[in-house]
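Welcome! Please take a moment to look over the sequence and the 3D view before reading on.

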Amino acid sequence: MIETKDLNIDGVLHAAQKQSVDKATPTFVSVTEQITWIDPIHFFQAGQQLQENRIFWSSSDQSTQFVGIGDSILFQNKDASYQMLKKEWEQALNNSWIDNRFDQYKTGPIAFGGFPFDPKEKVNELWNGFEGSQFRVPTFLLTVENDKAFLTTTIYVEEDSHIDELSADLITKRHQLLHAPNTSFQNNTIVLKHEVDPLQWKGLVAKATDTIEREEVNKIVLARELQVEFDDDCDIGQVLTTLKHTQNHSFIFAWEKDNVCFIGATPERLVKVDNQQLFSTCLAGTAPRGTTIEEDKWYGQQLLNDQKNRDEHQFVVDMIKNAVHSCAKYVDIPNEPILYPLKNLQHLYTPVEAELDKGYTLLDVVEKLHPTPALCGFPRESSLAFIREFELLERGWYGAPIGWFDQHFNGEFAVAIRSALISDMKASLFAGCGVVKESDPDIEYQETNIKFTPMLQALGGSL
């Protein structure tokens with residue numbers, strides 16, 4: 001890698017082209033500048049005027065926010081191979097020209113994307129365009145860390161690239177993004193709501209409990225779909241704004257492709273790696289929030305003492321513990337869960353910390369952890385087989401890892417729950433629950449209703 005010392009984009013591109021000629025391969029160029037603070041959602045909305053794909057990501061404490069506009073490179077693999085993605089990323093970086101002046105911040109070339117819940121699932125109409133795993137490095141990446149803002153421009157330069165035209169185009173688009181006028185959000189109004197086969201879904205819960213009774217399966221996670229329609233095209237910026245204001249302690253994400261956007265606010269971190277320090281989360285077991293302090297405490301205490309939810313949580317803890325021990329040392333996991341409160345519900349929560357062994361990367365850990373018992377069941381293969389055969393929903397990216405990683409394989413993945421797939425005037429919302437032998441179909445149905453609530457409210461509706 002060659003480190004740039006200035007921000008003369010035209011000069012950088014010419015130098016990168018010479019490197020492409022010398023090495024007979026394209027050069028991956030990434031240049032970062034510090035800019036005046038800009039509102040991330042305003043920048044996201046400005047990207048719509050360029051008619052480019054957009055990305056949004058916010059850490060659970062909102063201290064780090066990313067907005068990506070455009071595709072400088074797309075890594076797509078129909079088999080969702082973690083190791084192939086890792087190899088392709090390393091190859092792209094092998095002949096690169098990266099500005100490392102702001103390396104202490106989350107800048108530079110960063111890949112954003114997701115994996116499917118089940119790579120063997122056939123993609124039908126609902127998830128068309130989201131086949132396999134897909135990761136993109138945005139052409140323009142806004143990084144906002146607290147009160148600081150940075151803009152990273154990333155592009156491939158080839159031997160025959162027209163540098164002057166390329167440079168002029170980048171400068172023009174950069175100006176459009178940074179100086180776009182403020183636009184008002186459009187209020188999203190839901191005019192139609194449709195639950196997909198709720199009675200059949202309850203029957204599937206009963207079938208799952210029978211299977212658990214007869215076979216060596218402890219838990220099966222089942223998900224269902226809620227469809228809504230709007231009176232006009234859904235304003236994604238408005239949805240993001242609502243999620244940011246209402247869903248504290250959640251990762252907020254949006255991954256747009258060809259005017260279809262997968263969006264959500266998930267409380268569940270899968271794994272974070274920062275300089276080989278690993279952080280993961282065991283999140284399973286759910287109860288509503290109370291309308292008063294006393295009622296809220298009562299629901300929380302009931303959750304902590306409920307054997308079904310404690311067993312469900314322990315499946316997740318045991319699986320993540322074994323997966324992390326296989327690639328890390330100094331693993332620290334508390335013996336008892338605590339409550340993790342959100343706006344509409346609360347969960348049992350156990351944090352995990354460790355030091356990643358040499359030779360392992362973030363992607364290796366994601367591969368080992370997914371799917372967790374919180375979204376699949378336990379044991380993994382038995383519950384996954386049941387889901388493949390009987391579940392009504394095409395899961396796509398729902399319940400799967402979504403996140404980002406940088407040139408050093410630092411990054412973070414969350415589990416894509418509390419989410420929706422939005423296409424123009426329509427959206428599909430997803431929610432699931434863990435079925436164990438004591439499960440009651442009506443109670444599980446009500447739990448999924450609670451889990452629909454955050455996204456449904458952000459879209460402008462209510463149950």
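The report below covers the pocket, the cavities, the cysteines and one aspartate.

## The largest pocket

Keep in mind as you explore that this is a predicted model. A good place to begin is the largest pocket, which holds about 530 Å³ of space. Its lining is made up of 27 residues, and those nearest the centre are Gln48, Arg54, Cys234, Glu256 and Asn259. Three elements each give two or more residues to this lining: α2 (40–49), α6 (236–246) and β22 (419–423).

Among the contributors to the pocket lining, α2 gives the most, with six residues. Sorted by class, the lining of the largest pocket has 13 polar residues, along with seven nonpolar and seven charged ones.

## The cavities

Now turn to the enclosed spaces. The structure has four cavities of 30 Å³ or more, and the largest cavity has a volume of about 180 Å³. It is lined by 17 residues, with Glu268, Ala374, Ile417, Arg418 and Lys451 closest to its centre.

Two strands, β15 (277–288) and β23 (426–435), each supply at least two residues of this lining. The most comes from β15, with four residues. By class, the lining of the largest cavity has eight nonpolar, five polar and four charged residues.

## The cysteines

How many disulfides does the structure hold? The count is zero. Cys261 shows one reason: the closest cysteine sulfur, in Cys234, is 8.5 Å away, and a disulfide needs the two sulfur atoms within 2.5 Å, so this pair is too far apart for a bond. Cys376 is in no disulfide either, as the nearest cysteine sulfur, that of Cys433, is 14 Å away.

Are Cys261 and Cys376 buried or exposed? Residues count as buried when their relative accessible area is under 20%. Cys261 has a relative accessibility of 1%, so it is buried. Cys376 is also buried, because its relative accessible area is 0%.

You may recall Cys234 from the pocket section: Cys234 is one of the residues nearest the centre of the largest pocket, and its sulfur is the closest cysteine sulfur to that of Cys261.

## A closer look at Asp296

To finish, find Asp296 in helix α7, which spans residues 293–305. With a relative accessibility of 15%, Asp296 counts as buried, because that value is under 20%.

What does Asp296 touch, leaving aside residues up to four places away in sequence? Its contacts are Arg289, Gly290 and Gln346.

Conventions:
Residues numbered from 1 in each chain as written. Predicted model: local features only at pLDDT ≥ 70, side-chain atom pairs only at ≥ 80, totals over all residues. Heavy atoms only, no water. Buried < 20%, exposed > 50% of the residue type's maximum accessible area, 1.4 Å probe, protein only. 1 Å grid on protein atoms, 1.4 Å probe; cavity = no way out; pocket = protein on both sides within 12 Å on 5 of 7 lines; lining within 4 Å. Points joined across faces, edges and corners; volume = space filled by probe spheres on them. Nonpolar A, V, L, I, M, F, W, Y, C, P; charged D, E, K, R; others polar. Contact = heavy atoms within 4.5 Å.
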